[in-house]
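I am opening a notebook page on a structure that is new to me. My plan is to look up its enclosed spaces, its open pockets, its core and its cysteines, and to write down what I find.

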Amino acid sequence: MIDVEAAQLVLRANDRDGHTVPTDGLYPFQWSWDSAITALGWLQFDEARAWQEAHVMFSGQWDNGMLPHILFHGDAESYFPGPDVWGSKTALPSSAISQPPVWSTAIRRMFETCKDRAIAEPALEQLLPKLIAYHDWWYRERDPDDTGLVCSYHPWESGMDNSPAWDDALARVPEVDWDYQRRDLGHVDSEQRPHKPQYDRYLYLVDFYKQNGFDCDAIHKGCPYRVVDIGIVAILQRAGKDLVDLCRIAGDSEAIPRLESELARTQESIGGLWSKEHRCYLNQDLVAGKPIEELTTATVLPLFGGLADQSKAAYMVDLIDEWLDATTFALASTHPSSKRFESQRYWRGPVWLHINWMIAEGLSDYGYADLAERVKQATQKCVDESGFYEYFDAMSGAGCGGDRFSWTAAVALYWLA
Ligand code: DGY
């Protein structure tokens, strides 16, 4: 049973005057996909606050439509890398990359569920052009060659920062040669966080965008890290369908043909990422020009994006079934058979609630209600064992990362409760 009051208290405690920090200390600002998921939690008990979360997030949207992955509201001393390292010159200081585009899906659900129509209707009117500009940005700047598959330039953009899927692509990125002080290790055990060589490369990429003046052509041509992240592709596809529906609801049809043609192009191209051997879709390393043979929960997210046909969905269902058998606390973010699996290190094995929610939604959509329920029960066990941590050790269920974490409380309220 979810302690609804305790979950609500997590969101209230992480509320910073209109935006929700993921957790106190470790992540002291507004992160884009955290914020979207968290809005669904607010929706359950404070509808106005849910919409405010979205308005504040989109107040940081760049003129070119990009929605940054971090908005630095206020003093950034306690977090690294802060706005000075990113070097973007926006009115509201921000990072220079995005994150999985889950916002249109969240807004659609908020609009459909919200009882107070006097808030929901004007909110949709205000947010719709911003959502369209955001999706246009993905297709224009992250798929300039019109392949149907948007690309990503930083592991942080995937939200699955330290996933083993990115190891080889990241290893090709040079390390920075300047000193810096990480702040994350002051909050969380180093066993649960990325290693220094990874951080050195994360920072090289941050610097690379700045040196290139955030110019999308220069970055596309020269960025030493370029991947097709199947998680982003699948979430964008789902969100794109939700956005088309929102356009219809709002009677704003101008963008629909454009969006539908992008959705169709992605649907055509996705087959190239399918691996019959692995029974899922694989991320692609665009610099090396090859698929990334690592099973992470992103590789089954095409179920959430509605991208698979029924026969491919059936293969993924078998895979998920076995994946669940391998751990008690599930679904592990990396398949436990991987030699890179670590049950408690950031994105290398632990369980994340919001990803499980997406996978369960996808399974239900494809008619696998029983397996969706199994994913839900295995997810519930994490919260029963340890409360509202950022993520959970896939073997022991121990809470990892930040405690009293917003999106964990939000998913508990939205999905589990
Ligand atoms: C971090 O600081 O670990 C964040 O995930 C970057 O977005």
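The entries below follow the order in which I looked things up.

**Entry on the model.** I note before anything else that this is a predicted model, and I read the entries below with that in mind.

**Entry on cavities.** I looked up the enclosed spaces and found that the structure holds 4 cavities of 30 Å³ or more. The largest cavity has a volume of about 180 Å³, and of the 19 residues that line this cavity, I listed Y27, W31, Q99, D161 and Y346 as the closest to its centre. When I sorted the lining of the largest cavity by class, I recorded 12 nonpolar, 3 polar and 4 charged residues.

I then turned to the second largest cavity, which holds about 40 Å³ of space. Its lining consists of L26, Y27, Y79, F80, R183, D184, R193 and Y199, and by class I noted 5 nonpolar and 3 charged residues there, with no polar ones. Y27 caught my eye, since it appears in the lining of the second largest cavity and is also among the residues closest to the centre of the largest cavity.

**Entry on pockets.** For the open spaces, I found a volume of about 300 Å³ for the largest pocket. This pocket is lined by 17 residues, and those closest to its centre are D168, I292, E293, E294 and R340. Its lining divides into 5 nonpolar, 4 polar and 8 charged residues.

The second largest pocket contains about 160 Å³ of space. I counted 14 residues in its lining, with A96, E141, R142, F214 and I219 lying nearest its centre, and I saw that helix 6 and helix 10 (216-222) are the elements that give two or more residues to this lining. By class, the lining of the second largest pocket has 10 nonpolar, 1 polar and 3 charged residues.

**Entry on the core.** Which residues of the largest nonpolar core touch the most other members? I found that they are W103, I107 and I320, in a core of 149 residues. The largest share of this core, 11 residues, comes from helix 6 (residues 117-141), which I had already met in the lining of the second largest pocket. Taking I320 by itself, and leaving aside residues up to four places away in sequence, I listed its contacts as V300, L303, L331, I359, L363, L371 and V375.

I also looked up helix 5 (residues 103-113), where 8 of the 11 residues are buried, so this helix is largely enclosed by the rest of the structure. The buried residues of helix 5 are W103, S104, T105, A106, I107, R109, M110 and F111, a list that includes W103 and I107, which I had just noted in the core.

**Entry on cysteines.** How many disulfides does a search of the whole structure find? The search finds 0. I checked C114, which is in no disulfide and has C247 as the residue with the nearest cysteine sulfur, 19 Å away. C114 is buried, with a relative accessible area of 3%.

Why does C382 form no bond with the closest cysteine sulfur? That sulfur belongs to C400 and lies 9.8 Å from the sulfur of C382, which is too far for a bond, because a disulfide needs the two sulfur atoms within 2.5 Å. C382 is buried as well, and I wrote down a relative accessible area of 0% for it.

Methods. Residues numbered from 1 in each chain as written. Predicted model: local features only at pLDDT ≥ 70, side-chain atom pairs only at ≥ 80, totals over all residues. Heavy atoms only, no water. 1 Å grid on protein atoms, 1.4 Å probe; cavity = no way out; pocket = protein on both sides within 12 Å on 5 of 7 lines; lining within 4 Å. Points joined across faces, edges and corners; volume = space filled by probe spheres on them. Nonpolar A, V, L, I, M, F, W, Y, C, P; charged D, E, K, R; others polar. Buried < 20%, exposed > 50% of the residue type's maximum accessible area, 1.4 Å probe, protein only. Core = buried A, V, L, I, M, F, W, Y, C linked by side-chain atoms within 4.5 Å. Helix = DSSP H or I, 4+ residues; strand = E, 2+ residues; numbered from the N terminus. Contact = heavy atoms within 4.5 Å.
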